[in-house]
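Let's take a friendly look at one helix and what surrounds it. Please have the model open as you read.

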Amino acid sequence: MTQMVQVAVAEDIGEAEEIQAILEAAGIEARLETAVDHHPSATEDAPQKVFVPEASLEAAREAIEALTEPGDLGADT
């Protein structure tokens, strides 16, 4: 199995799904994971980590930078 690494942190699920769509349009697999622990019944929209295959990390960063405005996305790592 391919090692997945974090490429970004989104403020909410909507932003995370936008990043995921950008990456998938670039042909890069992306997986989302909640960035903070919260109660399963909580209705708040928690921050999300965006993961990509390690071999695609640089391409993923370039795709995100090319298709977003500075400051549009949460902190990326």
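## The buried face of H1

In H1, the buried residues (under 20% relative accessible area, 1.4 Å probe, protein chains only) are Glu15, Ala16, Ile19, Gln20, Ile22 and Leu23. Seen down the axis of H1, they fall within an arc of 160°, so they line one face of the helix; the arc is taken from the directions from the helix axis to the C-beta atoms. Turned away from that side are Glu18 and Ala25, both exposed (over 50%).

Covering the buried residues are, among others, strands S1 (4-10), S2 (31-34) and S3 (48-53), together with helix H2 (57-67). Helices (H or I, at least four residues) and strands (E, at least two) are DSSP runs, numbered from the N terminus.

This is a predicted model, in which local features need pLDDT of at least 70 and side-chain atom pairs count only at pLDDT 80 or more, while totals for chains, interfaces and linings use all residues. Residues are numbered from 1 along each chain as its sequence is written, and side-chain values use heavy atoms, without hydrogens and water.

## The ends of H1

At the N-terminal end, Asp12 acts as a cap: one of its side-chain oxygens lies 3.1 Å from the backbone nitrogen of Gly14. Just after H1, Gly27 has a positive phi of about 80°.

## A closer look at Gln20

Gln20 sits in helix H1 and is buried, at a relative accessible area of 19%. Its side chain reaches the backbone oxygen of Ala30 at 3.0 Å. Beyond neighbours within four places in sequence, Gln20 is in contact (heavy atoms within 4.5 Å) with Ala30, Arg31 and Leu32.

Terms used. A polar contact is a pair of N or O atoms within 3.5 Å; within protein, one must be able to donate a hydrogen and the other to accept it, and residues adjacent in sequence count only if both atoms are side-chain atoms.
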